[in-house]
Every structure is written in structure tokens, then in C-alpha cells.
Amino acid sequence: MRTVSLIVPCYNEEPSIMLFFDAVTKVFATINTDEPRYQPEYTFIDDGSSDHTLTILKQLQAAHPETVHYLSFSRNFGKEPALAAGLDAATGDLIAVMDVDLQDPPELLPQMIDLIENHGYDCVGTIQKKRRGQGRFRAYLSTKFYKINDAISEVHIEPNARDYRLMTRQMVDAITSLPEYNRFSKGIFSWVGFRTKYLTYESQPRAAGDTHWSLMQLFNYAIEGIIDFSDVPLKIATWVGGASFILAVIGLIVVVVRALLVGDPVAGWPSMVSIILLLGGIQLFCLGIVGEYINKIYLETKHRPKYIIKERK
């Protein structure tokens, strides 16, 4: 019997855990109708929850000690470290990454398993057709992010792709071998390569609770994704800096010629102040871009762990 490891990050997901477990259990019962072929292995990651998430995970593990495991972080580290911890802990032949809120439909698992086992794929990912429950502005920004990232990065990420995917042991071993502290999983999944098939599905509402992602968190996550897989922002800073330097030289020549030919009247200082402020703003903008990359380098050089596990079972 082959084992399918399910990596499930949880942050204040008290009302969703049992709903998720019951739904996935039913799917595996369907898969094993004729004969027991696949054994689920649940690995829940409690990402520093402040509700009763950990208590429920302990109760679930006590009831199913052979198939249910959990990791509890010492604090909230974020979804990316939670995914990394789950992938590090997974022991299955096939490994799936899923959200506990059932926005990732477990009913796709039989098809995903079939595509890997019988059609030679190393990974089966998923794409949402529509983002249900998400405002138009938020959906618009998400769409633009994928277009911008695709235009400036060597790594292609499918628009509206979810983290929900099923992967082979070989692919997961390649992912966990990457040592970086700053992680953007969707980019990493694409960067390692391997033969991938995407399934499209209608977006599903949350089974319970509310989303924990604010607009600012999503924006910061998008910036991190761009910086982690593209050096184009640095090139933009270089181009902008070079262009402003050329304009400044031209402006200096104009000022000198004007002073020689018609004198140097006091009038015109507002335009000069405006130019100075413009150039200063460009410099600060470029320094901000460089600073983002330096910050990433700084975090990498510290060699801090991506997460700290307080309790596991």
C-alpha cells in the first residue's frame, strides 16, 4: 500500500479541522473501494494559533495515532514556513499540499493520483477559474501580479494557481533540498521543474471561519515572490538612475549655456527645486529597491531556522 502524505497548514482554524478530516477520509474510502491501495498520512502544522486549533489536533491524533500527526510552532511563522515544515516531515510516496478550509476540493485527489501513477506526471497542480468571496479589486491585483511576475521572471507561474497540488517523492526531495530562508512556494514548485499537469476547478467557499490574509499581507507576499525570482527591479533602478543622471547633465549644460548667454536671473528657482525633489525621489525609490534585496541577503546570512517546533507527535 502506498502512502499519500497530506500537508495541512493551520492558523486559527478550529472550526475547519474536523470538517476537513471527514471530507478527505470519505475521498480515500472511495479510492480504496475495491482494494486498499492508498493510505493517507495527515500532517497538520499549527502555525502558532491562538484558538483551540492545537487542542483539536491533539484529540484527532489521539483518535487516529497511525495516520494523523501534527507539528506545533513556538509562534506564528507564516504559511511559507508551515509548508516547508510539512514537506520536511512528510514520509509518503506521494505528497499533497492542501488548505484546511476546504477551498481545495479533496474530490480532485483521485484524479490527481491517477495522473501521477498512470500518466507519468511528477506533479498535478490546480487552478481556480474564479475567486469566489474575493473582491474585484483584490482579484484584479492578483491577476496583475501573475502577469507582472511572468513578464519579469524566468520562472513561469500559472495565473490563479493554488498551492494545492500532489507531488512525487522525487520532486519533494528536490524542493526540501533548497536551503533558502526566504521562500515563495509557488515559484519554487515551478523552479524545480518536473513534469506538471494543472487541473482547473470552480473556486469553493470556506467551510468555516474567515480568511486570515489582509490586502497588505497579500501585497507583501507578492513583492516577496517578485524579489525571490527576479532581478528586474534592480535593473529598473539602474535604468532609472542612469536616465536621471543623463537628464541632470543635460540640465547642467542648459544652465551653464543660459548663464553665459543671457545671464543668471534669480527667477526659475521653483523649477530647480522641483527638479531637485524629483531626483531625490528617484534616488530614494532606487535605494528602496536595493534595500529590499539587501534585506533578503541579510536574512539569508543569519542562517536562522525557517521555523521552530515546540511540540510534535
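Buried means under 20% relative accessible area, exposed means over 50%, and partly exposed lies in between, computed with a 1.4 Å probe on protein chains only. This tour applies those words to a predicted model, in which local features need pLDDT of at least 70, side-chain atom pairs count only at pLDDT 80 or more, and totals for chains, interfaces and linings use all residues. Residues are numbered from 1 along each chain as its sequence is written, and side-chain values use heavy atoms, with hydrogens and water left out.

**Stop 1: a salt bridge between β1 and α4**

Select Glu117, which is partly exposed at 28% relative accessibility. Then add Arg2, also partly exposed, at 34%. The two form a salt bridge, their closest N and O atoms being 2.7 Å apart; the term requires a side-chain nitrogen of Lys or Arg within 4 Å of a carboxyl oxygen of Asp or Glu. Arg2 belongs to strand β1 (residues 2–10) and Glu117 to helix α4 (residues 109–119), so this contact ties together parts that are 115 residues apart in sequence. Helices (H or I, at least four residues) and strands (E, at least two) are DSSP runs, numbered from the N terminus. The structure holds 7 salt bridges.

**Stop 2: Asp163, Lys79 and their network**

Move to Asp163 and Lys79, whose side chains meet in a salt bridge at 3.2 Å, N to O. Here too the pair links distant parts of the chain: Asp163 is in strand β6 (residues 161–168) and Lys79 in helix α3 (residues 79–89), 84 residues apart. Asp163 is buried, at 8% relative accessibility, whereas Lys79 is partly exposed, at 22%.

**Stop 3: a pair within helix α6**

Select Asp173 and Arg169, a salt bridge with its closest N and O atoms 3.2 Å apart. These residues are 4 apart in helix α6 (residues 169–176), a separation of about one helical turn. Both count as partly exposed: Asp173 has a relative accessible area of 39%, and Arg169 one of 23%. Now widen the selection to Lys79, Asp99, Asp104, Arg162 and Asp163, which salt bridges with shared partners join into one network.

**Stop 4: the aromatic rings**

Rings of Phe, Tyr and Trp (its six-membered ring) pair if their centres lie within 6.5 Å; planes under 30 degrees apart count as stacked, over 60 as edge-to-face and the rest as tilted. By this rule the count comes to 5 aromatic pairs. Select Phe21 and Tyr42, a tilted pair at 4.9 Å centre to centre with 50° between the planes. Phe21 sits in helix α1 (residues 17–31) and Tyr42 in strand β2 (residues 38–46), so far along the chain as to be 21 residues apart, and the pair links these distant parts. Both residues are buried. Next, show Phe73 and Phe77, whose ring centres are 5.5 Å apart and whose planes meet at 85°, so this pair is edge-to-face. Phe73 is buried at 3% relative accessibility, and Phe77 is buried at 16%. Return to Phe21 and Tyr42 and add Phe20 and Phe44: ring pairs link these four residues into a cluster.

**Stop 5: charges over rings**

Keep Phe77 in view and add Arg75. The charged end of Arg75 sits over the ring of Phe77, 3.9 Å from its centre; this description requires NZ of Lys or CZ of Arg within 6 Å of the ring centre and within 35 degrees of the ring normal. Another example is Arg195, whose charged end sits over the ring of Tyr121 at 4.2 Å from the ring centre.

**Stop 6: positive phi in two loops**

Which phi does Asn12 have, although it is not a glycine? The value is positive, about 55°. Asn12 lies in the loop between β1 and α1 and is buried, with a relative accessible area of 18%. Then select Phe194, likewise not a glycine, with a positive phi of about 75°. Phe194 is in the loop between α7 (185–191) and β7 (196–201) and is partly exposed, at 29%.**Stop 7: a nonpolar surface patch**

Finish at Ile236, Trp239 and Phe285, which make a nonpolar surface patch of about 340 Å². Patches are made of residues with over 30% relative accessible area and no salt bridge; like charges are joined within 9 Å, and nonpolar side chains (Val, Leu, Ile, Met, Phe, Trp, Tyr) within 5 Å. Accessible areas come from the Shrake-Rupley method with a 1.4 Å probe, and for residues only the protein chains shown count as cover. Within the patch, Phe285 is found in helix α10 (residues 269–302) and counts as partly exposed, at 45% relative accessibility.
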